[in-house]
Amino acid sequence: MAHYAHISNEQFTLADRARLEEARREKDVIETANRASDEYADLRETYYNLFSSETLEGLQSDLNALYSDINIIPAQEDIDAINDAIASEKAVLAAAKESALADMKAKEAEGTEALVTEMAALETSIANTPYIVTHVATGVDEMKYSPGDASAQNGQIFDLERSKEGVEDAAELQVIDDQIQALREEIENIPPIGTDNTLYWEGWYRHHGKVQAVRRTSYNTQGGVHKLGGAPFRKNYAGKGYMYDPVRDAFYAPQPYPSWTLNEDTCYWEPPVPRPEGMDWHWKEDTTEWVDYVYFNPDNKQPQPSWTWDTTNGGWYPPTIN
């Protein structure tokens with residue numbers, strides 16, 4: 001079974017998303033005004049006039065005239081000549097329509113160039129911003145199998161069944177039945193056709209009215225290595241609260257301390273100073289060193305500026321009142 005991480009970066013991209021929606025509305029306003037202009041109306045009229053032409057209508061009339069007398073069969077060369085001319089005129093009109101449609105689109109987009117560039121940059125920024133894993137769920141089988149092609153065998157069975165019509169000899173009927181049974185056994189042994197079913201599940205979905213993403217994660221991948229010797233996939237198995245980095249296409253735990261850096265091979269966070277041997281070592285972020293006594297690094301939830309952090313027990317405490 002494949003495992004899937006549901007991910008979202010909405011909380012990290014609120015400003016970009018808000019500006020993107022604003023830019024889209026601004027673009028819509030400009031495009032609406034452009035479509036209401038006299039120049040756009042002229043371009044649209046030109047476009048619709050190109051669905052036919054006097055030349056095309058004349059050629060079609062000439063073709064119909066060839067069949068006006070049911071007693072006279074028109075010469076094939078005359079028919080071919082007119083049909084060739086009709087096809088040529090339609091090709092000319094099609095090219096002109098394509099050009100006219102491009103002119104309409106250009107007029108509609110006039111004045112939106114800066115917004116289009118900004119929107120593309122915002123979309124790229126949003127797409128490349130790391131996501132947080134909201135939860136991990138077991139999905140479906142990674143391969144979906146369907147029966148192999150048995151059309152040839154089924155055709156032979158159909159012919160054999162029909163060949164039994166009118167046959168009264170039991171021995172002859174038994175021979176035909178044996179052939180049919182052999183074909184059915186052959187069908188059972190046709191290898192099924194496997195298709196990658198993960199492509200269906202990995203993508204985007206709508207949850208409570210919001211579009212979120214789903215990415216497959218490998219249960220047996222840790223630190224860029226597959227525990228069972230297979231191909232590692234996205235560096236690490238995802239967990240709730242993990243990050244998904246679309247640029248690295250990798251899952252990793254949240255950064256534990258600002259001074260720690262991400263190992264590009266394992267996507268594990270590493271301290272600037274290697275941990276000494278032994279078990280009783282604690283990281284002290286303000287001095288970026290390991291200490292051999294219990295030390296709790298302060299979090300970012302200080303209730304009031306006057307409160308102090310207890311590095312031995314953890315927690316913020318108000319000033320002592322004498």
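**Helix packing and nonpolar cores**

In this predicted model, helix 1 (residues 14-35) packs against helix 5 (residues 113-128) at an angle of about 155°, and their axes lie 10 Å apart. Since angles over 145 degrees count as roughly antiparallel, helix 1 is therefore roughly antiparallel to helix 5. The crossing of helix 1 past helix 5 is left-handed.

As for who touches whom, helix 1 brings Asp-16, Arg-17, Arg-19, Leu-20, Ala-23, Arg-24, Glu-26, Lys-27 and Ile-30 to the contact. From helix 5 come Leu-115, Val-116, Glu-118, Met-119, Leu-122, Glu-123, Ser-125 and Ile-126. Sorted by character, the residues of this contact between helix 1 and helix 5 come out as 8 nonpolar, 8 charged and 1 polar.

Next, the nonpolar cores. The largest one has 13 residues, and Leu-63, Ile-86 and Met-104 are those with the most contacts inside it. At least two residues of this core come from each of helix 2 (38-49), helix 3 (54-66) and helix 4 (76-108). Helix 4 gives the most to this core, chipping in 6 residues.

Leu-63 is worth a look in the structure. Leaving aside residues up to four places away in sequence, Leu-63 touches Ile-79, Ile-82, Asn-83 and Ile-86. One of these partners, Ile-86, is itself listed with Leu-63 among the residues with the most contacts inside the largest core.

Apart from that core lies another, made up of 9 residues. Tryptophans turn up here: Trp-260, Trp-269, Trp-283 and Trp-290 are among its members.

Technical notes. Residues numbered from 1 in each chain as written. Predicted model: local features only at pLDDT ≥ 70, side-chain atom pairs only at ≥ 80, totals over all residues. Heavy atoms only, no water. Core = buried A, V, L, I, M, F, W, Y, C linked by side-chain atoms within 4.5 Å. Buried < 20%, exposed > 50% of the residue type's maximum accessible area, 1.4 Å probe, protein only. Helix = DSSP H or I, 4+ residues; strand = E, 2+ residues; numbered from the N terminus. Contact = heavy atoms within 4.5 Å. Axes fitted to C-alpha atoms, helices over the stretch in contact; angles between N-to-C directions. Parallel < 35°, antiparallel > 145°, perpendicular 65-115°, else oblique. Left-handed = near helix turned anticlockwise from the far one by under 90°. Nonpolar A, V, L, I, M, F, W, Y, C, P; charged D, E, K, R; others polar.
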